[in-house]
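Here are some exercises to try with the model open in your viewer. Work each one yourself before reading its solution.

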Amino acid sequence: MLTQAPKGTKDVLPEDSYRWQYVESRMRRAAAQAGYREVRTPVFEHTELFQRGVGDTTDIVQKEMYTFTDKGDRSITLRPEGTAGVVRAFLESGLYAGALPQKMYYLSAPVFRYEAPQSGRLREHHQFGMECFGAQEATVDAELILLAYSLFKNLGVSNLTVHINSIGCPKCRPKYHAELKNFLGERVGGMCETCKGRFERNPMRMLDCKEKRCQELVKDAPATIDMLCEECAAHFEQLKTCLDLSGIPYQVDTRVVRGLDYYTKTVFELITATKDGNLTVCGGGRYDNLVEELGGPAMPAAGFGMGIERVLMLLESEGIEIPKPEQYDVFVTYMGQGKLPAFQLVQALRNAGIRADMDHCTRSLKAQFKFANKTGARLCVTLGDDEVASGKATIKDMRLHQEQEAALADMPEAVKTMLKNESEE
């Protein structure tokens, strides 16, 4: 057990980390283009934050949280989702008193849920999310949907659709709940135990059940969009108009309700079709009451989250290759009295912004070249007694099989020139 990762966790090894870095760089770029700035919150919070913020009727709070009592007898929970912690930071730092809207994103934030590990969702996985506070117009909802959609398109994902719905607000939802309970009253007896428990406390969550028999029983349930108040209906129409103007494919899906209690009005999912069925790769919506529920002022807000592991899985399933970066530009080999001069040369190359290394294992010259080839180094410089004495060495292009002599003092500039020339070939 000592050398085995806990169930539901996975190492990201050096030969794979470049894929994460590539996707993360695209996520940072998408956020920056729309003015979202990074926020980093603790990996654990007081348990009450998630009980109040996420909702005690959710599967996350009821079944999946990693909760423990610390040495100060405080109940602490490892972060099961990103939004509640961002709202807490927003309140604690008084950002609501600044210029609004406040746009924030989090990236590669570890999230912990005690559930059966599945493809693209581990007990510890990582999320990218964007949150916008202080903007009530549906243009923000549309902006978030477009940012997520464009991110996937820029990564090369082609088979992608946007599913949107409105689940109303505290004004119109009680009427809908009553209608829904009336519909479900004769059916609840045949549903799963989880749905039976939700019937009184949060019947809308029954529409989100993944059990096939429950899905069959609720397929003809009344839709939230048929019972929206005037404000919610106008907001939803504005959202659809914005999406129409953007030209992205979307559909109204009245079964999208999301699994967290804090959502109001807009909810959405980005879904792609796979050989194993539909896969939700991003989900979000509006949560206009969450800031106030956690002790802050009335504050409209919206956001989304996506699992990075699931994004990478999607790219792989669609055959989208992420370019693998080379480890080194230059590898310096040596023999005889060339070890310390090689060390000095490596430092000079690195100081010039060139990725460089040398042998640190006292290999033979032949073994050093073999290792250099394994690393994919584009150029190789060898220092021996003659090179040290003359102050000159030969730069070998390992791909084009070309050579160029340069003074050791001029080596960084000579290397940059050769790298530039090779990239233009």
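**Exercise 1.** Find which residues of helix H13 (residues 365-375) are buried, and work out where they sit around the axis.

*Solution.* Start with the terms: buried means under 20% relative accessible area, exposed over 50%, and partly exposed in between, using a 1.4 Å probe and protein chains only. Helices (H or I, at least four residues) and strands (E, at least two) are DSSP runs, numbered from the N terminus. This is a predicted model, where local features need pLDDT of at least 70 and side-chain atom pairs count only at pLDDT 80 or more, while totals for chains, interfaces and linings use all residues. Residues are numbered from 1 along each chain as its sequence is written, and side-chain values use heavy atoms, with hydrogens and water left out.

Step 1: the buried residues of H13 are Gln 368, Phe 369, Ala 372 and Thr 375. Step 2: these cover an arc of only 120° around the axis (taken from the directions from the helix axis to the C-beta atoms), so they are on the same side of H13. Handy reminder: an α-helix has 3.6 residues a turn, so residues three or four places apart point the same way. Step 3: flip to the face turned away from the buried side, and you meet exposed Lys 366, Lys 370 and Lys 374. Step 4: the cover over the buried residues includes strand E12 (330-334), strand E14 (379-383) and E15, with contact meaning heavy atoms within 4.5 Å. Step 5: just after H13 comes Gly 376, with a positive phi near 80°.

**Exercise 2.** Do the same for helix H7 (residues 193-201): which residues are buried?

*Solution.* Step 1: pick out Cys 195, Arg 198 and Phe 199 as the buried ones. Step 2: their arc is only 120° around the axis, so they share one side of H7. Step 3: the face turned away from that side carries exposed Glu 193 and Glu 200. Step 4: among the elements covering the buried residues of H7 are helix H3 (59-64), helix H6 (173-184) and helix H8 (212-218).

**Exercise 3.** Describe how helix H1 (residues 14-33) and helix H11 (residues 308-317) cross.

*Solution.* Step 1: the axes, which are lines fitted to C-alpha atoms over the stretch in contact, with angles from 0 to 180 degrees between N-to-C directions, come within 11 Å and cross at roughly 105°. Step 2: that makes H1 roughly perpendicular to H11, since angles of 65 to 115 degrees count as such. Step 3: H1 brings Arg 19, Trp 20, Val 23, Glu 24 and Met 27 to the contact, and H11 brings Ile 308, Glu 309, Val 311, Leu 312, Leu 315 and Glu 316.

**Exercise 4.** Find where the backbone does something unusual.

*Solution.* Step 1: the peptide bond from Leu 100 to Pro 101 is cis, with omega near 5°. Pro 101 is in the loop between helix H4 (83-92) and strand E5 (102-112). Step 2: Asp 73 isn't a glycine, yet has a positive phi of about 60°. Asp 73 sits in the loop between strand E3 (67-69) and strand E4 (75-78), and is exposed at 66% relative accessibility. Step 3: His 401 also has a positive phi, near 55°. The loop holding His 401 runs between strand E15 (392-397) and strand E16 (403-407), and His 401 is exposed at 70% relative accessibility.

Definitions and conventions
Parallel < 35°, antiparallel > 145°, perpendicular 65-115°, else oblique.
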